[in-house]
Amino acid sequence: MARSAQPVSATPGIVAATFIVAAVLAAFLAIGSRVEGTTGLRAAEWQAVRFTVAQAFFSALISVVPAVPVARALARRRVPGHALLVTLLGAPFILPVIVAVLGLLAIFGRNGWLNVGLGAVGLPEVSIYGAHGVVLAHVFFNMPLATRLILQGWQAIPAEQFRLIAQLGLPPSVVFRTVEWPMLRQVVPGAFALIFVICLTSFAVALTLGGGPRATTIELAIFQAFRFDFDLGRAAVLSLLQLAVAGGAALIALWVLPPLVVQRGQDRLPQRWDARGVGLRVLDAAWIAFAAGFLLLPLASVVIAGLGGLMDMPSVVWRSAWTSVWVAALSTGLLVALALPLTAWLAQVRHGGMESVTLLGLAASPLMLGTGWFILIFPFVNPASLALPITASVNALMALPFAVRILLPPMRQVMTDYGRLSAGLGLRGWPFWRIVLLPRLRPPLGFAAGLAAALSVGDLGVVALFADPDVATLPLQMYRLLGSYRTDAAAGAALLLLALALGMFWICDRWGRHRDPG
Amino acid sequence: MIRVEGLEAAQGDFALRGTFDVPRGRRVAVAGPSGAGKSTLLGVLGGYIPAVAGKILIDGVDVTAAAPDARGIAMLFQDGNLFPHLSVAQNVGLGLRPSLRLSGAELERVQEALTHVGLSDLAGRKPGALSGGQQSRAALARVLLQGAPVLLLDEPFAALGPALRAEMLALTSEVVTESGATMMMVTHAPLEVAEMVDDLIFVDAGDVAPPAPAATVLADPPPALRAYLGG
């Protein structure tokens, strides 16, 4: 047997995988050790499970249904700013939840544009708080995601089919039945499943817009048991419930999950000759306008209100912004240090399945990990003193599944394309990383790091569990400002946070796309 | 020299068998129908496809289980012989040191090799900015620096036009003469390379025939080779 010509040692990847499994398992065991002290499940816990599943279901449904006509309109019309709009559809993914919530409050809140409008014509005001507010925020985040996934499906239909349709003069109804419906049947369930799973572990939205017995997710219930009652036993039971619900759903969803394609609003639309009627054009324009408005109005309101509030921000906001930046930098560094060796190892193992290691990150929710680690460390040190490193670590684990999905296909491609040449030249180990792998992987690595940085800087999760009043990341500081009705300062902080999230993403992504001349 | 004893290799359903010697400094064309196993043979010799049985010796050293870079073999493939993100000089420099940390003297050798193949002005360019012929020249410059006793060529010039291909074969011939390397070259056009090789190995349905003098074989081909050549 010739020695297998693997250019990269498997050891660092196995170490990274072991670290991930150990981190999750340690939390799990710590939680398990606390469960026995409690008296089983109470009505409140079941209520939280029911609400979690129900809101995730409706969030996914309401995200996916309008996404179909919006994606169809974007697929068959060229509107001014088309490419920009498609790019913007990716923005909610890196948008800090609390910023989006503030934007939604400005539109749908008590003094929001909608209620002012309703009041002007004598209609009763609508409230954004409660179950429908939670669903609304989830739809705000996930309808753009669903639209992009479904749009990808439309773009995957070969241009030749539309040429044939034009040649035969098929009416829209026949086009739908023969070409579009079969595509939708493949793509829509995947988009639905992905959004359903994402919404199952929702915390920050429920924290800000939900609450109370009728709008508390399991994740929020963990936080409340922990923070308000310091009932670790109950937090542990809820964590197990969360693991069962989210983990189970993630496993089921794995079969229908669509591949995550790195799509940068590339504007290659096949020429379309069908759907020429005036009515259809107006309909498509209306859908695009609706989606753009739903996406852009809250963001615009954040910018407008934020500009006014920037002057009102107390110095503590700037301090917490600095904290957030280094937590995000730490988290991104940790993510890269885990994801690179892990994907290099995964790219070289023949049998699949090992990839599911990274799904542990998805199934294990942030607050479950936080609870577990808290139980582990609080006998020895004050957990608040470790709040920031733990936040950075949990954020890295949460970004890991995305990073692996982004990095693994190009990593495999590099191994296929240059493995032979590298082996022949004796390029292996660190020189292979330095000379071949890292330069080739730079664009997806920059993109993945940018996602991780933006997700981390905007995260409002574990940090709320651990932090004492002296320590805060910017999202937590914003939440506290909102809680004390300092709306102007919160608006300024929101704009700062938005700029940080987009800026950190942009810097990393820009680094990835940098090309030296020659 | 290359010595192959009772070599067997498998790729899926396909099996390759062969026993032959190639004396030091000989140039051998490897010909045969598509799918007969020419590229598999070179892949096994180069260490990219494991041998199931048998031995491969290069200059008396058993390299059957050695890594591709530890066999004293330099190899050029049909495509992907250069890293697109490295400059021409860096690509060539990899022939000296896989770490690319070259001393001043080594950098001079890189420049000499580039001058030799006529690329001295293009050292800083990326392969994407080079023509197909220039890319082949860069790869040959690296082969020159590798200084391996054996050179394997798996149709590296197949994508070039006839005139350019002849030019590259001439340059290859020069490089091989200079280094004194033993050369094996897969070809679909044995007549085209007849003048630059000594021997010909005919591969048919996984059976590797021992090398025979090219001029003799091509003048009076055995039936299978005649059928392959046509006419």
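Tutor: Let's start with a term: a residue is buried if 20 or more other C-beta atoms, placed from the backbone, lie within 10 Å of its own, exposed if 12 or fewer, and partly exposed in between. This is a predicted model, where local features need pLDDT of at least 70, side-chain atom pairs count only at pLDDT 80 or more, and totals for chains, interfaces and linings use all residues. Residues are numbered from 1 along each chain as its sequence is written, and chains are lettered from A in the order in which they are written.

Student: Which residues of α11(A) are buried?

Tutor: Helices here are DSSP runs (H or I, at least four residues), numbered from the N terminus. Helix α11 of chain A covers residues 218-227, and 8 of its 10 residues are buried, so the rest of the structure largely encloses it. They are Ile218(A), Glu219(A), Leu220(A), Ala221(A), Ile222(A), Phe223(A), Ala225(A) and Phe226(A).

Student: What do the buried residues of α11(A) pack against?

Tutor: Contact means C-beta atoms, placed from the backbone, within 7 Å. By that test, the partners in chain A are α2 (43-76), α10 (204-209), α12 (232-253), α16 (366-377) and α19 (462-466).

Student: Is Gly90(A) buried or partly exposed?

Tutor: Gly90(A) sits in the loop between α3 (82-88) and α4 (91-94) of chain A. Because it has 18 C-beta neighbours inside 10 Å, Gly90(A) counts as partly exposed.

Student: How many residues does the contact take from chain B and from chain A?

Tutor: On the side of chain B that touches chain A, the residues divide into 12 nonpolar (Ala, Val, Leu, Ile, Met, Phe, Trp, Tyr, Cys and Pro), 3 charged (Asp, Glu, Lys and Arg) and 8 polar (the others, Gly among them). The contact takes 23 residues from chain B and 19 residues from chain A.

How values were computed
Two residues are in contact if their C-beta atoms, placed from the backbone, lie within 7 Å. Helices (H or I, at least four residues) and strands (E, at least two) are DSSP runs, numbered from the N terminus.
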